[in-house]
Amino acid sequence: MKMSGSKSIYRFVHFEHLLDLIKNHRLPLINPLEWEDKNDIFASKLSSKDNDVMGICCFTLSKSNSIYRWSKMAPNNLCVRVEFDMDKIKARLSQKMMMKEVQYKSAEELESYVVETTKDCAFIKSKPFKPEKEIRIVTYQSETGENEKIVDYLDNLPSDVIKGIRFSPFLDQEMYCLIKELLRKYLKANNWAKTKISQSEILNKEKWQNALCKCVGSIAQK
């Protein structure tokens, strides 16, 4: 009987952040106060004590390969989607970190919704963001140290925590092939297990193109 693998979670990152992940085996937990979503910032402030600074690392449970996700989550041609082993991520959580799926609530739903603690507010977002299917790691620290933006790190990540790296469909094909080979060498040099590297094909899907040709061919035969 075929054994099912562990559950995957995904994170869109800029290429320079991917290199930091590979070199240092870590993921940053970011202070959310500079985010675009003002509701998310408000919820974050509610969840933390007056003297605490909160750090968040966001993932998605969705393996969607849509244009929307690439345009919104990874607008830069050199952005990538990293697939992680969720169990191995959970195994690296410190005692100060919590990992939960985000709950999406409208204002009307919140009127009758009960939170067990104020920290639950960090895992609540407004309803329009529901397609994100977000899961996040949250931590609270009394101080941030030298870097006010990065509150903490999920560090000492194992060499097999990354299951795959997918490049943006907007990246030039020739450039992708060049970067792919360099990335393989960089992964090996930093003691990572063999990792699948690919590029999204949603802008050049041969299967879709062949199917369309068949449609045209069927018209010619009538």
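**Exercise 1. The start of helix 2**

Find the residue that caps the N-terminal end of helix 2 in this predicted model, and the atoms that make the cap.

*Solution.* Begin at Asp37, which caps the N-terminal end of helix 2. Next, pick out a side-chain oxygen of Asp37 and the backbone nitrogen of Asn39: they lie 3.1 Å apart.

**Exercise 2. The two sides of helix 2**

Work out which residues of helix 2 are buried, which are exposed, and what covers the buried ones.

*Solution.* Step one: walk along helix 2, residues 38-47, and mark Asp40, Ile41, Ala43, Ser44 and Ser47 as buried. Step two: look down the helix axis. The buried residues of helix 2 fall within an arc of 165°, so they line one face of the helix. Step three: turn to the other side of helix 2, where Lys38, Phe42 and Lys45 are exposed. Step four: see what lies over the buried residues. Their cover includes strand 3 (53-60), strand 7 (124-126) and strand 8 (134-141).

**Exercise 3. The largest pocket**

Describe the largest pocket by its volume, its lining and the classes of its lining residues.

*Solution.* Start with the space itself: the volume of the largest pocket is about 1300 Å³. Then take the lining, made up of 37 residues, with Arg11, Phe12, Trp35, Cys58 and Met73 lying nearest the pocket centre. Now trace where the lining comes from. Among the elements that each supply at least two residues are helix 1 (15-24), helix 3 (67-73) and strand 9 (150-154). Strand 1 gives the most, with 5 residues. Finally, sort by class: the lining of the largest pocket has 19 nonpolar, 14 charged and 4 polar residues.

**Exercise 4. The second largest pocket**

Repeat the description for the second largest pocket, and find which element gives the largest share of its lining.

*Solution.* The second largest pocket holds about 250 Å³ of space. Its lining has 14 residues, and those nearest the centre are Asn39, Phe42, Ala43, Leu110 and Ile124. Helix 2 and strand 7 are the elements that give two or more residues to this lining. Helix 2 contributes the largest share, 5 residues. By class, the lining of the second largest pocket has 8 nonpolar, 2 polar and 4 charged residues. Here you meet some of helix 2 again: Phe42, one of the residues nearest the centre of this pocket, is exposed, whereas Ala43 is buried.

**Exercise 5. Three residues to place**

Decide whether Ile179, Ser112 and Asp120 are buried or exposed, and describe their surroundings.

*Solution.* Take Ile179 to begin with, in helix 6 (residues 173-189). Its relative accessibility is 10%, so Ile179 counts as buried. Leaving aside residues up to four places away in sequence, Ile179 touches Phe15, Leu78, Phe167 and Leu171. Phe167 is 12 residues from Ile179 in sequence, and their C-alpha atoms are 9.8 Å apart.

Move on to Ser112, in the loop between helix 5 (107-110) and strand 7. With 63% relative accessibility, Ser112 counts as exposed. Its C-alpha is 36 Å from that of Arg81, and the two residues are 31 apart in sequence.

Finish with Asp120, which lies in the loop between helix 5 and strand 7. A value of 17% might give you pause, but buried means under 20% relative accessible area, so Asp120 counts as buried at 17% relative accessibility. Apart from residues up to four places away in sequence, Asp120 touches Lys100 and Val115. The side chains of Asp120 and Lys100 are joined by a polar contact of 3.1 Å.

Technical notes:
Residues numbered from 1 in each chain as written. Predicted model: local features only at pLDDT ≥ 70, side-chain atom pairs only at ≥ 80, totals over all residues. Heavy atoms only, no water. Buried < 20%, exposed > 50% of the residue type's maximum accessible area, 1.4 Å probe, protein only. Helix = DSSP H or I, 4+ residues; strand = E, 2+ residues; numbered from the N terminus. Arc of directions from axis to C-beta. Contact = heavy atoms within 4.5 Å. Polar contact = N/O pair within 3.5 Å; in protein donor to acceptor, adjacent residues only side chain to side chain. 1 Å grid on protein atoms, 1.4 Å probe; cavity = no way out; pocket = protein on both sides within 12 Å on 5 of 7 lines; lining within 4 Å. Points joined across faces, edges and corners; volume = space filled by probe spheres on them. Nonpolar A, V, L, I, M, F, W, Y, C, P; charged D, E, K, R; others polar.
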